[in-house]
Structure formats: structure tokens, C-alpha cells
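Grab a pencil and work through these exercises one by one. Try each task yourself before you read its solution.

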Amino acid sequence: MNNEIIYETFNNNPVDIISGPGALGEVFSCVGALHARRLLVVCGENVVKLPAVNELRDNCPNGIQLQIFDQVEPDPSDSTIVAGGEVARDFAADTIVAVGGGSSMDAGKAIAAEAGAEGWILTQDQPGQSTTVPEGILPIIAVPTTAGTGSEVTPFSVITFTQTQRKLPLNHPGLYPRYALLDPNLLISAPRIARVAAGMDALTHAVESYVSKEATEHTQRQAGQAISLITQNLRQAAEAPSDTQAQAALQRGAMIAGLAFAQSRLGIVHAMALPLSALFGVPHGQANAILLPYGMEYNRPAAVAEFANIAEAMGVSEEQSDDEANSRRAVEAVEHLAEDVQASRRMRDVGVTQDAIPRMAEEAMKSPHIARNPRAIQLDDLIAVYERAY
Ligand SMILES: [Fe+2]
């Protein structure tokens with residue numbers, strides 16, 4: 001990987017991607033192309049302290065106004081979206097620049113919609129219903145500071161609804177960012193636990209996309225590529241945050257996983273992860289890291305050949321073995337990786353109580369990911385998988 005700034009698009013995705021060290025500097029050429037004048041930067045309280053955000057403010061060209069909304073919390077809530085929408089309207093923002101991890105990018109997307117339609121977000125707390133977005137949703141420029149969520153290239157925004165304690169994925173083509181700026185220099189500041197959780201989230205996207213019922217040859221090629229990049233770089237990126245090459249490769253893996261799952265959707269692990277976050281505040285990536293090997297084990301009998309391919313992408317398949325043996329190696333390799341990077345491994349270690357399992361299983365059953373999972377899922381199956389992961 002070199003130090004050039006690369007501009008690219010992918011034929012199954014509408015987002016223009018600009019990547020490389022210093023890619024953040026391209027933000028104002030994106031703003032120019034959008035004919036934008038009033039930018040609302042959406043971020044959290046840690047990201048707002050980054051020199052990068054100051055740089056944005058300081059380098060703002062004449063004629064462009066910039067305002068910052070820095071109140072995005074992990075797992076952004078509907079009330080944050082309402083507050084951000086109000087700031088966007090008061091400022092008359094014409095573009096959202098979402099800087100941060102998945103939470104900030106997801107919040108930025110929802111604020112882009114809420115800005116033009118006060119109270120819109122509160123109408124979206126409807127599991128199983130299609131997301132609607134108002135006309136005139138603001139264009140979004142996504143600037144990830146973690147390598148994980150892939151939100152910069154997806155039409156999804158996961159929002160926690162305060163009243164019902166539900167964490168729901170909104171999904172609408174209007175929520176695709178117009179531009180994604182992948183600057184590995186922005187990843188260095190994230191704490192280790194966040195980098196590991198993000199990487200495990202990205203791996204989960206790639207694995208779930210690979211075996212999804214809606215996977216195509218194209219999405220599987222992307223998912224396989226993402227699995228390789230993440231497996232090869234996560235250990236190093238976790239250990240050595242200043243290794244820009246490993247960070248950039250991981251960031252690319254996470255983005256490519258995003259391209260894949262934007263099409264194929266996900267499966268059992270994401271369905272089960274959301275209630276862990278909604279009810280116990282377990283960060284999304286940590287929830288996935290815990291549940292991924294158990295979800296893979298559940299799915300393996302229904303997708304033996306696919307899991308054997310995943311083992312190959314992870315570099316652990318053996319030529320003389322059959323698919324059955326290699327598919328088991330994929331699950332083991334994920335366990336080894338999670339252990340090596342010291343990811344969370346059990347629900348009991350992150351504050352989840354066992355008596356919540358039936359309720360979590362009921363919530364997980366409502367997830368749109370259930371229908372995409374390669375193996376059919378009943379309520380009792382989810383309870384059994386949660387019990388094993390406890
Ligand atoms: Fe995820």
C-alpha cells in the first residue's frame with residue numbers, strides 16, 4: 001500500500017470512496033462538488049478533540065460555514081437524532097459531515113433525514129417495517145475513525161429507541177453517504193478496546209455476508225477479500241496503532257465488508273448482538289466478538305462449503321482435508337483471532353445477566369437479519385446459542 005490518495009467507486013455501491021493517508025484533506029473538494037455552503041459536522045465528545053476536527057474548522061474555505069454537533073453517544077438514541085436535527089435546522093445545514101465510529105456515522109445519516117422533517121426519527125420505531133426517509137435528505141460525507149462498521153458505504157443506520165429500549169437498523173437507499181473519506185491517520189487515536197471491537201465487527205460483517213442467503217458471487221468475492229484483509233491485519237493493528245499500513249489494510253477490509261453486506265445483509269450474530277447493546281450497553285463490536293464463534297457453529301451445518309471457503313480466506317484450510325474439517329477450522333480460527341486480540345469472549349464478562357436471555361431472544365427474532373441467515377432459526381435456537389455464549 002502506498003501513500004497516494006485513491007479515488008474509486010464500486011459497481012454495486014453508489015458511494016464515492018477516497019482513501020489514503022491525508023484523505024480527510026479532500027473533504028472540501030467533495031463539498032465543492034456538492035455545491036454545499038453550510039456543513040454540520042456530526043461527531044462524539046472524543047472525536048471533537050482530535051486535531052483533525054480542528055483542521056476542518058481551520059481550513060474551511062471562504063464562503064463555507066461549519067458548525068459542530070458533538071453530542072453523539074455510543075449507540076446513538078432517537079433523542080440525540082432529534083437534538084442533532086434541531087441544530088441542523090437552526091444552522092440551515094446543507095450537508096452532513098459525519099466523523100467517528102459507527103455511532104457517529106449512523107447518527108449523521110439519521111440527522112440528515114431528521115433535519116428536514118422534525119420528529120421523523122420517532123416514526124421509525126417499527127420492527128419489521130420498511131424505513132421511510134423524507135424528501136430532501138441532506139447529502140452525507142462519512143469519515144470513519146474506526147476500522148469496523150462499514151457504515152461509510154452502507155444504507156443502514158442503527159438507532160436505539162429510548163421508550164421501547166429497541167435497537168433497530170434503519171435501511172433506506174437515501175441513507176447511503178455520497179462520499180466516504182478513508183484516512184488511516186484518523187484511526188491511530190482510537191483506544192485498543194475500540195479498535196479490537198471494530199475489527200471483530202468488520203470480521204462479523206464479512207463472515208455473515210459470505211454465508212447470507214442473499215449472497216451473490218460478487219458479494220462473496222468481496223466478503224472473502226475482506227475476511228483475508230481483516231485476518232491478516234487485525235492482530236498487528238491492535239498491537240501497533242501507529243502501523244499505518246496495517247491500519248489502512250484493516251480499514252479497507254472493513255469498507256469492503258461493508259460493500260458486501262450492504263447487498264447481502266447479515267445473519268444470526270447481528271440479530272443476537274443488538275439486544276446485548278440495547279439492554280446492557282455492550283458495545284456493538286464486543287457483542288459481535290462474543291457471539292461470532294457461536295453463531296458460526298450454529299450455521300456451519302447449513303453452509304459447510306461456504307465455511308470451508310472462509311477457512312481458506314483466513315489461511316487455515318488444509319488441502320488434504322474435506323469441507324467438513326475445513327469448515328470447523330474457520331470457527332477455530334475466529335476463536336484464536338478473538339483470543340489473540342483479547343476480545344471479549346463471554347456474555348457474563350460484559351455484564352449481561354442470564355435471566356435476560358429469553359427476552360433478548362424474543363427481540364432478536366424480530367430482526368430482519370433472521371430471514372437472511374443460512375440456517376432456519378426458531379426462538380429456542382436463539383435461547384440455546386445465547387446460553388452457550390453466556
Ligand atoms: Fe455490525
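**Exercise 1. Work out how helix α6 and helix α7 are arranged, and with which handedness they cross.**

Solution. Start by finding the helices: α6 covers residues 217-239 and α7 covers residues 244-264. (Helices are DSSP runs of H or I with at least four residues, strands are runs of E with at least two, and both are numbered from the N terminus.) Next, look at the axes, which come within 8 Å and cross at roughly 150°. Such axes are lines fitted to C-alpha atoms, for helices over the stretch in contact, and angles run from 0 to 180 degrees between N-to-C directions. Now classify the angle: under 35 degrees is roughly parallel, over 145 roughly antiparallel, 65 to 115 roughly perpendicular, and the rest oblique. So α6 and α7 are roughly antiparallel to each other. Last step: α6 passes α7 in a left-handed crossing, meaning the near helix is turned anticlockwise from the far one by less than a right angle (clockwise would be right-handed).

A quick word on the model: it is predicted, local features need pLDDT of at least 70, side-chain atom pairs count only at pLDDT 80 or more, and totals for chains, interfaces and linings use all residues. Residues are numbered from 1 along each chain as its sequence is written, and side-chain values use heavy atoms, leaving out hydrogens and water.

**Exercise 2. Do the same for helix α8 and helix α12.**

Solution. Here α8 is residues 268-280 and α12 is residues 357-365. Their axes are 8 Å apart and the packing angle is about 125°. That angle makes α8 oblique to α12. As for handedness, α8 and α12 cross in a right-handed way.

**Exercise 3. Walk across the open sheet of seven strands and describe its pairing.**

Solution. Write down the order, which is β1-β2-β9-β6-β5-β3-β4, with mixed pairing. (Two strands pair if DSSP finds at least two bridges between them.) The edges are β1 (6-10) and β4, each pairing on one side only. From one strand to the next, the twist averages 20°.

Now take one edge. β1 and β2 (residues 13-19) run antiparallel and share four bridges, and a hairpin links β1 to β2 through two residues. Glu8 sits opposite Ile17 in β2, while Tyr7 faces Ile18. Moving on, β2 runs parallel to β9 (residues 179-182), again with four bridges, and Ile18 has Leu181 as its bridge partner in β9.

Then try the other edge. β3 (residues 38-42) and β4 (residues 65-69) run parallel, joined by five bridges, with Val42 partnered by Phe69 in β4. Add helix α2 (residues 51-58), and β3, α2 and β4 make a right-handed β-α-β unit. Right-handed here means that, with the strands pointing away from you, the path from the first strand over the helix to the second runs clockwise.

**Exercise 4. Count the disulfides, then check Cys30 and Cys43.**

Solution. Apply the rule that a disulfide is a pair of cysteine sulfur atoms within 2.5 Å. The count comes to zero. Cys30 is in no disulfide, and its nearest cysteine sulfur, in Cys60, is 13 Å away. For Cys43, the closest cysteine sulfur is also in Cys60, but at 14 Å it is too far for a bond.

Finally, are they buried or exposed? Buried means under 20% relative accessible area, exposed over 50%, and partly exposed in between (1.4 Å probe, protein chains only). Cys30, at 2%, counts as buried, and Cys43, at 0%, is buried too.
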